[in-house]
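Q: I am new to this structure and would be grateful for a close look at a single part of it, the surroundings of the ligand.

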Amino acid sequence: MSEKKKKMTNAFGAPIGDDQNSLTAGKRGPVLMQDVHVLEKLGHFDRERIPERVVHAKGAGAGGYFEVTADVTKYTKANFLSEVGKRTEVFARFSTVGGEKGSADAERDPRGFAVKFYTEEGNYDFVGNNTPVFFIRDPLKFPDFIHTQKRHPATNCKDADMFWDFLSLTPESTHQVKILFSDRGTPATYRNMNGYSSHTYKWYNEGGEAFWVKYHFKTDQGIKNLTRQEAAEMRAKDPDHATRDLYDAIERGDYPSWTLEMQIMSVEAAEKYRFDVFDVTKVWPHGDYPPMKVGKLVLNRNPENYFAEVEQAAFAPSTLVPGISLSPDKMLQARLFSYHDTHIHRLGPNYHLIPVNSPKNAPETSYQRDGFMRTDANGGGGPNYWPNSFGGPAPDIAAKEPPFEVAGGADRHPYTHPNDDFVQPGNLYRDVMTDEDRAHLVGNIVDHLSGAQKRIQLRQAALFYKADEEYGSRVAEGLGLDVSEVENLAGMTKEEREWATSQ
Ligand code: NDP
């Protein structure tokens, strides 16, 4: 570093003579308005905070790469997936959802799992969670749902009544509630959890053939969770434990990695499938669509500056590249609006110019101009409109998504598949969980739900009962409820119960 660089300057590069004593009128007099250094310094400090993300506010991030390990060119023409061995630079961010920027990493919460791929055809953002499903499947419910996971309007405290009131009136949440209240709701670290797209996306190949796909980033460190008691201890001991763990692991060269596995379904098969493949409260059972290994994600670079990279990293499911597109999943459709909209609000309309967000391997050549913080050459003297005959950048027909069919009348349609909200959570309880998993699940629920009013407890236990009689009964017993009252409230016929367990 040159001697000149080591000198302290103001924001505009002029040297500073004294940074310890403000300019005053006399030894004990007031500070003079003409101390422009103190004015500039305080003025900047007053504006250090940018709006906190409404969800996913607390996070940790790192850079690395993604390497392709299998030929997927028959499913997608995405350039970064075009060759076995091809590597693409990435930046990943993990987060909790409901807590504020200062909240504890060990809270029970889904975890965000976002990866930005700096591809040669522009950035591609994967914006998933550590759970394969979600609480709701219609975006109209999202703001209400998030309100209930945050603070009570009067007390400004978390509130078990509002938390469970909403969920117990939202039967489609039963699957995700089960995963959240299993020990997977408190992952040991960000390195010990999977990342799922949750939504179904579309891939299409060079020939224009489309497939429905789901992404599974499986941790190579193994799944490791905290029990309820361990999580409580961790929150008290080190509220930043997962942030610290990720940073320290990379610093000591113990680079975390994930294996990307894809579930791929033909468009024809989706028409006849027994679950609605666009319903984000459902998984595709592995037995039907075994995940295939596609690549490896490795994180090997810590950010040099947290705010510059992690806080300003802006991921959006609408940030796509040719070969990857969307499904009609209503939650996904709404996220296409909300993420970009949030970034414009938090970071400004030119957030794509912030280094962590800029398409470093495919520089922008658009006709978008001006706006706050346009920090590049703004297109220089070139044309700022299309079409033009002055050699400006032109659209490339090869980048166009193949046409797709839509059908039906416009209405506020509910999902039309059978009422199967209880089948998959039931299967998870009966077929996948161990005795220990089940005991922890019930204990975790009882611990939290016991803070809610009895009528809410009854309604929620009835939803668990619909997923599995034993599950609902154990929760009811743990809460001291009358199991027959829960059974009545569940109101399932013998046939309905048999159907649910046969799927
Ligand atoms: P499988 O037995 O083939 O798969 C079950 C999967 O469940 C496992 O592969 C694992 O997913 C995940 N799992 C294991 N333990 C737990 C746990 N304690 N809490 C949450 N998830 C766990 O069965 P299916 O594919 O038929 O699915 C059965 C049920 O498993 C589903 O209804 C769903 O609730 C759950 N599940 C299914 C997933 C899927 O994509 N099919 C993904 C995750 C859960 P992983 O390998 O991803 O860790």
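To begin with, which polar backbone atom lies 3.1 Å from a nitrogen atom of the ligand?

A: The model is a predicted one, and the description below should be read accordingly. The backbone atom in question belongs to Trp 284, and 3.1 Å separates this polar atom from a nitrogen of the ligand. Two further contacts involve oxygen atoms of the ligand. In one, an N or O atom in the side chain of Tyr 196 is 2.5 Å from a ligand oxygen. In the other, the backbone of Gln 424 provides an N or O atom at 3.1 Å from an oxygen of the ligand. On its own, the ligand has 780 Å² of accessible area, of which the protein covers 77%.

The shell as a whole may now be considered. There are 16 residues around the ligand, and those that come nearest are His 175, Arg 184, Asn 194, Tyr 196 and His 286. Tyr 196 is thus one of the nearest residues and also supplies the side-chain contact to a ligand oxygen described above. By character, the shell consists of 7 nonpolar, 6 polar and 3 charged residues.

As to secondary structure, at least two residues of the shell come from strand E7, which spans 210-219, and at least two from helix H11, which spans 423-432. Helix H11 makes the largest contribution to the shell, with 3 residues. Gln 424, whose backbone approaches a ligand oxygen, falls within the range of helix H11 (423-432).

How values were computed:
Residues numbered from 1 in each chain as written. Predicted model: local features only at pLDDT ≥ 70, side-chain atom pairs only at ≥ 80, totals over all residues. Heavy atoms only, no water. Near = heavy atom within 4 Å. Polar contact = N/O pair within 3.5 Å; in protein donor to acceptor, adjacent residues only side chain to side chain. Areas by Shrake-Rupley, 256 points an atom, 1.4 Å probe, with all protein chains shown as cover. Helix = DSSP H or I, 4+ residues; strand = E, 2+ residues; numbered from the N terminus. Nonpolar A, V, L, I, M, F, W, Y, C, P; charged D, E, K, R; others polar.
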